[in-house]
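I opened my notebook and went through this fold piece by piece. Have a look at it alongside me before reading on.

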Amino acid sequence: MAEESWHEARLIPTSGINGAEEQERRATSALLAVVSAVREFGRALVKPLGAPAGTIETYIEVPFLLGDRKLYPDGLIRVSRGARSWTALVEVKTGSNALQVEQLENYLDIAKEQGYDAVVTISNEIPAVAGQHPTKVDKRKLRKVALHHLSWTQVLAEAVMQKEFRGVADPDQAWILGELIRYLEHSRSGALEFDDMGETWVSVRDAVAAGTLRATDKGIADVVARFDALLRFTSLRLGRQLGTEVVPVLSRKEQADPALRAQALTTMLCQTGQLSGTIRIPDTVGQLVVTADLRASKITCHVDVDAPREGRPTTRVNWLVRQLKAAPDSVRVETFTAHGRGSSAAELLGAVRQDPSVLVVDAAKEIRSFRLALSAGMGLKRGRGRGSFIDSVLGATDTFYADVLQSLKAWSAAPPQLRQAGPTPPDAEETTPHSLSSTEYSSQDGTERVEVDGVGDSDRSDDARPAEPLADVASEQH
């Protein structure tokens, strides 16, 4: 038999998984084993949960008595540092299985009795807001025990960033982490991506198109929550590709009270037929705004960019255009001027490349910022695949970042240039007798301003070159 058909031995095989119970047990054991074996990954995963830096021990299916019942949490994590220890029970779900309220409350009671610090849940559920748990439990049970949630998408993103970007010191540990990544990326592992907009997506979508949606309609809350969950999934997915922490942006009030965010999205959807959210990507010129227009069946991504603080209006436009060499002609460019309301001009990038002045309505008004937007068709299906809403959002975001956002750099002023000061060179022709010279060289010599093209000094380009010496400019005028 040819070697090409041989299957390489895997540390964590996906073969032999029969049913949800076996899938859940294998995923739990694989993850917890790697958490304790790969120091950097284990630390990155448990630190945000409140664990100290120390030795990590992990166990699966640890038995506990609660009253007259024997219960088996899926796992347990213990982090020890000197005399201090941090312990958490772990509950895992794979596939489409959801976390159960009764089960979690039982584990919270066990943790309280045992003096443990937390209960950690892992499933494919992605809460709408970071830090929010997807399952509502009795808040009284959280007084002494913390409840944390990790989605499998978040676990996978953390593993990829640690191995590919942050690094693992020990080569053998790096290989082990790579085996976990291979396992979680396999369709049979049960670690699924975000793949459903919910049962009420179609009815809400159709009501928006018909203009009959009301804030009290059944199902609108689920659609709004799933849209925010999709934004979080999009951020995790993009961060995994870029090797950095990409997060949705919420105001302080929305972070403190997630209901405010849900209410704002509900009002937006009913009034304009749109759902919108913002994503922050480190070291980019601005935040990426994603807007889904359900009435127009269109996904639009845009970013706002500050314009240079010097130069003529066309110079500022050219500064932007030169950075968009890879961007398609269909990108919409808008300009915003000082003291103006709304955009002053808008045109497609193809036309701006031919004539930058199409964005200059009034040369006397200063351009303060630009908005770059790219639109794509919106899928209608609730699931994944061709023609789905989820894939259209993911595709639009990836395309906009690759073609537009990653190429942009913020403007910065050039440093001031030193003027050459000193005595007249020996070979220079002296036009004024030395006896008539009233002063030595002054710092004010050569500072006279010369207006060129209506702008003080010369109109500095995006390279912010220094103004030409006065004598040179004068000679050109003659």
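**Entry 1: Leu372 and the cores**

I looked up Leu372 first and listed what it touches, leaving out residues up to four places away in sequence. Among its partners are Cys301, His302, Val303, Leu320, Val333, Phe400 and Leu408; contact here means heavy atoms within 4.5 Å. Leu372 and Phe389 have the most contacts inside the largest nonpolar core, which has 59 residues. Helix 7 gives the most to this core, with 9 residues. Another core, of 38 residues, lies apart from it, and Ile56, Ile122, Val160 and Ala174 are among its members.

I wrote the terms down too. A nonpolar core is a set of buried Ala, Val, Leu, Ile, Met, Phe, Trp, Tyr and Cys residues joined through side-chain atoms within 4.5 Å. Buried means under 20% relative accessible area, exposed over 50%, and partly exposed in between, with a 1.4 Å probe and protein chains only. Helices (H or I, at least four residues) and strands (E, at least two) are DSSP runs numbered from the N terminus.

A note on the source: this is a predicted model, in which local features need pLDDT of at least 70, side-chain atom pairs count only at pLDDT 80 or more, and totals for chains, interfaces and linings use all residues. Residues are numbered from 1 along each chain as its sequence is written, and side-chain values use heavy atoms, with hydrogens and water left out.

**Entry 2: the sheet of 7 strands**

Next I traced an open sheet of 7 strands, in the order 8-9-10-11-14-12-13, with antiparallel pairing. Two strands pair if DSSP finds at least two bridges between them. Strand 8 and strand 13 (345-348) are at the edges; each has a single partner strand, so one side of each has no neighbour in the sheet.

Strand 11 (298-306) and strand 14 (367-377) are antiparallel partners over 9 bridges. I found His302 opposite Ala373 in strand 14.

Two helices lie across strands here. Helix 7 crosses strand 8, strand 9 (274-280) and strand 10 (288-293), at about 30 degrees to strand 9. Helix 12 (389-403) lies across strand 10, strand 11 and strand 14, at about 30 degrees to strand 11. For these angles, axes are lines fitted to C-alpha atoms, for helices over the stretch in contact, and angles run from 0 to 180 degrees between N-to-C directions.

**Entry 3: the sheet of 5 strands**

I then turned to an open sheet of 5 strands, with order 1-4-5-6-7 and mixed pairing. Its edge strands are strand 1 (55-60) and strand 7, each pairing on one side only. From one strand to the next, the twist averages 20 degrees.

Strand 6 and strand 7 run parallel, paired over 6 bridges, and Ile122 stands opposite Leu150 in strand 7. Helix 1 (19-37) packs on the sheet, touching strand 1, strand 4 (75-81), strand 5 (84-92) and strand 6, and its direction makes about 165 degrees with that of strand 1. Helix 4 (152-166) lies across strand 5, strand 6 and strand 7, at about 70 degrees to strand 7.

**Entry 4: helix 5 and Tyr183**

What do the buried residues of helix 5 pack against? I found helix 1, helix 2 (39-46) and helix 4. Those buried residues include Ala174, Leu177, Ile181 and Leu184. At the start of helix 5, a side-chain oxygen of Asp170 comes within 2.9 Å of the backbone nitrogen of Asp172.

Tyr183 is in helix 5 and counts as buried because its relative accessibility is 1%. Its C-alpha atom is 6.4 Å from that of Ile12, although the two are 171 residues apart along the chain. Setting aside residues up to four places away in sequence, Tyr183 also touches others, including Pro13, Arg26 and Ser189.

**Entry 5: two loop residues**

Is Asn124 buried or exposed? Asn124 is buried, because its relative accessible area is 16%. Asn124 sits in the loop between strand 6 (118-123) and strand 7 (146-151). Its side chain reaches the backbone oxygen of Gly95 at 2.7 Å and that of Gly190 at 2.8 Å.

Gly243, in the loop between helix 7 (220-242) and strand 8 (247-248), is partly exposed at 25% relative accessibility. Beyond neighbours within four places in sequence, Gly243 is in contact with Met161 and Phe165.

How values were computed: A polar contact is a pair of N or O atoms within 3.5 Å; within protein, one must be able to donate a hydrogen and the other to accept it, and residues adjacent in sequence count only if both atoms are side-chain atoms.
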